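User: Please go through this model with me as a series of questions and answers. I would like the sheet, the helices on it and the nonpolar cores covered.

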Amino acid sequence: MAENKAFIFHGTGGYPEENWFPWLKASLAKQGCPVIIPRFLTPEGQSLATWNQAFDIYRSQLDENTLLIGHSLGGLYLLRVLESMDKPVRAAIFIGASIGIRPIKFYEGDEKFSGFQFKWGKIKASAKSFRVFHSDNDPYVSLGNGQELAKHLGVDLTLVPHAGHFNASAGYTQFPQLLEEIKSLI
């Protein structure tokens, strides 16, 4: 059987070495699960086309042992990746993802990125398992986004109290709850 692997998609203004990403990458490496964190153009040059261009070199690596993790706009991008897949991955995990439920601090930028209409049937067929994490005090992406996303995916929302936007400024340089969830999937 092929080995597990994971991809983390950062959000607007993000990069691979921020927040809990390096910690999760190192933690999963100890579990024998390599992690790839593509660097996307953001915020200048940020578009679905440029992000697809950056990710296309990895698409052939997606298989039934792949976990896809999207933070913030990376979660919205993850939905677009799932819409384009021919075979399902092991799991898709969303953290503080925007799907168009206002308030969203950068609504116009997210909407221009790819809009907020989704092919939910195709998305649900593209992963064997889904997880949705959201905070009750996210200053960028309102809780309604996590609630609606979980509802569309047919899963329970994992509500994390007082986690902000799950970024370093909210104290998220580690994310043990996410690691434990991933361990249950691999």
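**Sheet, helices and cores**

Analyst: Seven of the seven residues of S4 are buried, so this strand is largely enclosed by the rest of the structure. Buried means under 20% relative accessible area, exposed over 50%, and partly exposed in between, with a 1.4 Å probe and protein chains only. Helices (H or I, at least four residues) and strands (E, at least two) are DSSP runs, numbered from the N terminus. The model is predicted: local features need pLDDT of at least 70, side-chain atom pairs count only at pLDDT 80 or more, and totals for chains, interfaces and linings use all residues. Residues are numbered from 1 along each chain as its sequence is written, and side-chain values use heavy atoms, with hydrogens and water left out.

User: Which strands stand at the edges of the sheet?

Analyst: Six strands form an open sheet with parallel pairing, in the order S2-S1-S3-S4-S5-S6. Two strands pair if DSSP finds at least two bridges between them. Each edge strand has a single partner, so one side of each is left without a neighbour in the sheet; these are S2 (35-36) and S6 (157-160).

User: How many bridges join S4 to S5?

Analyst: On one side, S4 pairs with S3 over five bridges in the parallel sense, and His71 stands opposite Ile95 in S4. Towards S5, Ile93 stands opposite Arg131. S4 and S5 run parallel, and the number of bridges joining them is six.

User: Which residues of H7 are buried?

Analyst: Helix H7 covers residues 176-185, and its buried residues are Leu178, Leu179, Ile182 and Leu185. Seen down the axis, they fall within an arc of 115 degrees (taken from the directions from the helix axis to the C-beta atoms), so they line one face of the helix. They pack against H1 (21-30), S3 (66-71), S4 (89-95) and S5 (127-135), where contact means heavy atoms within 4.5 Å. The residues asked for are Leu178, Leu179, Ile182 and Leu185.

User: Which element gives the most to the largest nonpolar core?

Analyst: A nonpolar core is a set of buried Ala, Val, Leu, Ile, Met, Phe, Trp, Tyr and Cys residues joined through side-chain atoms within 4.5 Å. Of the 34 residues in the largest one, Phe9, Phe55, Leu68, Leu82, Phe94 and Leu149 touch the most other members. Elements giving two or more residues include S1 (5-9), H2 (48-55) and H6. With seven residues, the element that gives the most is H3.
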